[in-house]
Amino acid sequence: MTHDTHTQDTAAPRGLISDIQRFSIHDGPGIRTTVFFKGCNLRCFWCHNPETLALRPELQLYLDRCIGCGACFQACPHGAHVLEDGVHRFLCERCQGCGACAETCFAQALVLVGEWKTVDEVLTEVLRDRAFYETSGGGVTLSGGEPLLQPEFAVALLTACREEGLHTAIETAAQLPWERIAAVLPVTDLVMMDVKLLDPERHQAATGADNARILANARRLGAAGVPLIVRTPIVPGVNDTAEDVTAIAAFAAELPSLLYYELLPFHPMAASKYDSLGMDYRARDLKTPPKERMEALAAAARTAGITVQHR
Ligand code: SF4
Ligand code: SF4
């Protein structure tokens with residue numbers, strides 16, 4: 001059945017969700033279900049979830065799986081799939097995200113990412129693993145993308161999870177008006193936020209956004225006593241120096257509610273996703289920082305007198 005995921009049912013609030021990942025162990029304490037919201041207002045060039053950047057359903061074309069059957073050429077009402085010199089080309093500017101072509105593709109070369117879901121639909125998925133949350137101290141994490149670009153749905157979902165007695169966490173870049181963040185705090189047990197660089201100009205160059213609001217929001221979260229984990233993705237050539245990491249650690253040390261500071265190594269694992277979306281992947285040639293480098297950076301960060309973890 002073809003479904004139009006481009007419009008919202010006004011009767012029930014819906015969120016545009018790219019994925020619901022069960023048995024997550026890196027998105028907060030215990031075993032968790034992570035709900036990935038679609039849409040982000042940063043453009044970190046190393047992002048490993050490029051399918052979450054746009055706040056609209058998007059089609060991914062995995063050309064290596066395409067067997068050239070032509071079914072999608074017929075199915076698309078907007079002529080977004082064309083054959084040029086014997087090569088399947090996807091004209092993404094024509095795509096309306098209806099999903100009709102993906103439903104005809106038996107080779108699974110086409111994937112529509114992003115589905116408008118109700119709170120009940122997401123909650124039903126989340127509750128499947130309630131027993132694991134209870135035995136592991138886990139719960140639900142809202143991630144993305146930036147979950148707070150869909151603030152009403154985020155609040156409604158977190159509220160529903162809280163009513164079920166689940167531990168609730170949110171991963172945010174915090175490049176938002178404080179009111180958006182404050183709105184979820186009454187129903188949020190843990191906030192995980194990135195601080196990628198302290199230098200505003202380098203932050204702007206790496207992420208497409210100034211960091212003044214991010215840092216101000218971190219200070220407000222700290223002052224509000226919200227359990228907080230500050231994280232830095234360590235990206236070669238961006239912030240993989242002891243100077244950068246110790247500066248962020250010193251900033252984090254000033255946040256009264258900080259639980260710990262965590263360093264996450266960049267992984268160049270998103271190339272096929274960028275290709276499937278027709279997006280340029282500027283981090284394609286970067287390498288994962290070696291374990292020794294991560295250990296050295298963590299040791300440097302500990303000089304700020306805070307607990308530091310790394311992967
Ligand atoms: S329907 Fe799938 S396999 Fe067939 S041409 Fe389209 S993308 Fe390729
Ligand atoms: S998802 Fe896009 S490309 Fe596929 S049928 Fe709909 S409009 Fe056409």
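Here's a quick tour of this structure, going from the main sheet to the helices, the ligands and a few backbone oddities. Keep in mind that the model is predicted. The big-ticket item is an open sheet built from 9 strands. Beyond that, two helix pairs have a right-handed crossing, namely α3 with α5 and α9 with α11. There are also two ligands to look at, with 13 residues around ligand 1 and 14 around ligand 2.

**The main sheet**

- Strands of a sheet pair up through backbone hydrogen bonds, and the pairing can be parallel or antiparallel.
- Here, the strand order is β7-β1-β2-β8-β9-β10-β11-β12-β13, and the pairing is mixed.
- At the edges you'll find β7 (115-118) and β13 (308-310), each of which pairs on one side only.
- On average, neighbouring strands in this sheet are turned by 30° against each other, if you ignore direction.
- Let's zoom in on one edge: β1 (residues 14-24) and β7 run antiparallel, and 4 bridges join them.
- If you want a spot to click on, R14 stands opposite T118 in β7.

**Helices lying across the sheet**

- Helix α8 (residues 212-223) lies across β10 (190-194) and β11 (228-234), and runs at about 155° to β10.
- Helix α11 (residues 291-302) lies across β11, β12 (258-265) and β13, with an angle of about 170° to β13.

**A little hairpin**

- Strands β4 (residues 81-84) and β5 (residues 87-90) run antiparallel and are joined by 4 bridges.
- One pair to look for is V82 with its bridge partner R89 in β5.
- The two strands β4 and β5 form a hairpin, and 2 residues sit between them.
- In that turn, D85 has a positive phi of about 50°.

**Helices packing on helices**

- To describe two packed helices, you give the angle between their axes and the distance between the axes.
- For α3 (residues 119-127) and α5 (residues 151-163), the angle is about 45° and the axes are 10 Å apart. That makes α3 oblique to α5, because angles from 35 to 65 degrees fall outside the roughly parallel and roughly perpendicular ranges.
- The residues that meet are V119, V122 and L123 from α3, and F153, A156, L157, A160 and C161 from α5. Sorted by class, this contact has 8 nonpolar residues, with no polar and no charged ones.
- The second pair is α9 (residues 242-253) and α11, whose axes come within 8 Å and cross at roughly 40°. These two helices are therefore oblique to each other as well.
- On the α9 side, A242, V245, T246 and A249 make the contact, and they meet R293, L297, A300 and A301 in α11. This time the split is 6 nonpolar, 1 polar and 1 charged.

**Around the ligands**

- Of the residues around ligand 1, the ones that come nearest are C66, C69, G70, C72 and C105.
- Helix α1 (residues 71-75) gives the most to the shell around ligand 1, with 3 residues.
- By class, the ligand 1 shell has 10 nonpolar, 3 polar and no charged residues.
- Over at ligand 2, the closest residues are C76, C95, C98, G99 and C101.
- The ligand 2 shell breaks down into 9 nonpolar, 5 polar and no charged residues.

**Backbone oddities**

- As a rule of thumb, most residues other than glycine have a negative phi, and most peptide bonds are trans.
- F23 has a phi near 60°, which is a positive value in a residue other than glycine. You can find F23 in strand β1.
- The peptide bond joining G144 and G145 is cis, with an omega of about 10°. As for where to look, G145 is found in the loop between β8 (139-143) and α5.

Terms used: Residues are numbered from 1 along each chain as its sequence is written. Chains are lettered from A and ligands numbered from 1 in the order in which they are written. This is a predicted model: local features need pLDDT of at least 70, side-chain atom pairs count only at pLDDT 80 or more; totals for chains, interfaces and linings use all residues. Side-chain values use heavy atoms; hydrogens and water are left out. A residue is near a molecule or strand if one of its heavy atoms lies within 4 Å of it. Ala, Val, Leu, Ile, Met, Phe, Trp, Tyr, Cys and Pro count as nonpolar, Asp, Glu, Lys and Arg as charged, and the others, Gly among them, as polar. Axes are lines fitted to C-alpha atoms, for helices over the stretch in contact, and angles run from 0 to 180 degrees between N-to-C directions. Angles under 35 degrees count as roughly parallel, over 145 as roughly antiparallel, 65 to 115 as roughly perpendicular and the rest as oblique. A crossing is left-handed if the near helix is turned anticlockwise from the far one by less than a right angle, and right-handed if clockwise. Contact means heavy atoms within 4.5 Å. Two strands pair if DSSP finds at least two bridges between them.
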